[in-house]
Amino acid sequence: MTASKPRFTFDGRPVSRRRLLAFGAAVPAVVVAAKALPSRTAGTAAAPQSPAATFAAAAASAGSPALPGPAHCFC
Amino acid sequence: MKLQWIKHSTFRLEKEGFVVVVDPGIVSPDTVLDDADAVLITHEHADHFLPSLIAKRIATRPGLPIFTNRDVAGLLEGSGATLHVVGDGDAFHVGPFAVHGYGEWHAPIHPDVTRVRNTGFLFDHKVFHPGDAYTDPHVPVDLLFVPEFGLYTKLGYALDFIRQVQPKQASPVHDTGLDATGLGGVDGFLVQNKTPPFAPGTGAPFVRLDKTKVYEF
């Protein structure tokens, strides 16, 4: 069985997180490597739709009145 | 006016040969707007506003007049309809109908659900369609439509709505999803006279309209 490596030190000595907090020391922040996000300006951005095209898309996507999909709410 | 309850919150009104349809939505028949001269929409939810039905009618009736609030009008931009933006406190004419707009917002569903703009319509000082809200128009009403079942409904509110408005007649709408047993239970709660053990009484006659009939108001 291998002893786990102490995660925190205080004055050079290994301490538990609880002890560290008891000393009032700041707990090191856990840093998560952020994934690189695609730039909003990268690539070929779609041109804004005209109101007519937006409405036509809505009319086409609504489907059959007889077959309401799960996205429809009775509200 | 002649009035027919199509389904859910959808109504067809006719006067002097002019046909108005209110709230054509996902449970409306595909032909609901086939002879509509104008459409009124209380709010943007799909059970009240289905763009495909609007587009179908505009294909045969370019420039179809649509009266609705500014949020729904925004969704209809580019549709080819002639849009009339109306709201709370507005008085306007739709063909031979005198119409008044009442209310600002859909009844709350949940604090985490965005409320949408909702405009109720009073036709010819007689028939009030509140949309999805319990708005008191503070005027005499002959026929009050009362929403019965939805994500926002609460029957205690519906009962108080009838008591508050004091119409000559209250009739249920917005009832999709209830089976016969459910409809019976809800209708039985909203009856005019106190009926122990549950129904406290609204004070107004409660009449479920027959969808196969045309009524005169």
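Hi everyone, here is a short walk through a predicted two-chain model, from its confidence to its contact and one strand neighbourhood.

A few ground rules before we start. Residues are numbered from 1 along each chain as its sequence is written, and chains are lettered from A and ligands numbered from 1 in the order in which they are written. As this is a predicted model, local features need pLDDT of at least 70 and side-chain atom pairs count only at pLDDT 80 or more, while totals for chains, interfaces and linings use all residues.

Confidence comes next. The predictor gives the complex an ipTM of 0.84 and a pTM of 0.82. For chain B, the mean pLDDT (the predictor's confidence in each residue, from 0 to 100) is 97, and 100% of its residues reach 70 or more.

Now, chain A. Its secondary structure comes to two helices and two strands, where helices (H or I, at least four residues) and strands (E, at least two) are DSSP runs numbered from the N terminus. From the N terminus on, the order is β-β-α-α. Of the 75 residues of chain A, 7% count as buried, meaning that 20 or more other C-beta atoms, placed from the backbone, lie within 10 Å of the residue's own.

So how many residues does each chain bring to the contact? Chain B supplies 25 and chain A 14, with two residues in contact if their C-beta atoms, placed from the backbone, lie within 7 Å. On the chain B side, helix α1 (residues 51-60) gives the most, with five residues. By class, that side has 13 nonpolar residues (Ala, Val, Leu, Ile, Met, Phe, Trp, Tyr, Cys and Pro), four charged (Asp, Glu, Lys and Arg) and eight polar (the others, Gly among them).

Let's stay with α1(B) for a moment. Its buried residues include Leu53(B), Ile54(B) and Ile58(B). The buried residues of this helix pack against α2 (51-61) of chain A together with β4 (38-41) of chain B.

Finally, my favourite stop: strand β11 (residues 143-147) of chain B. Why is β11(B) largely enclosed by the rest of the structure? Because four of its five residues are buried. On one pairing, two bridges join β11(B) to strand β10 (residues 127-129) of chain B, running parallel; DSSP must find at least two bridges for strands to pair. There, Val127(B) stands opposite Leu143(B). Five bridges join β11(B) to strand β12 (residues 169-173) of chain B, also parallel, and Phe145(B) has Ser171(B) as its bridge partner.

Thanks, everyone!

Notes
A residue is buried if 20 or more other C-beta atoms lie within 10 Å of its own, exposed if 12 or fewer, and partly exposed in between; C-beta atoms are placed from the backbone.
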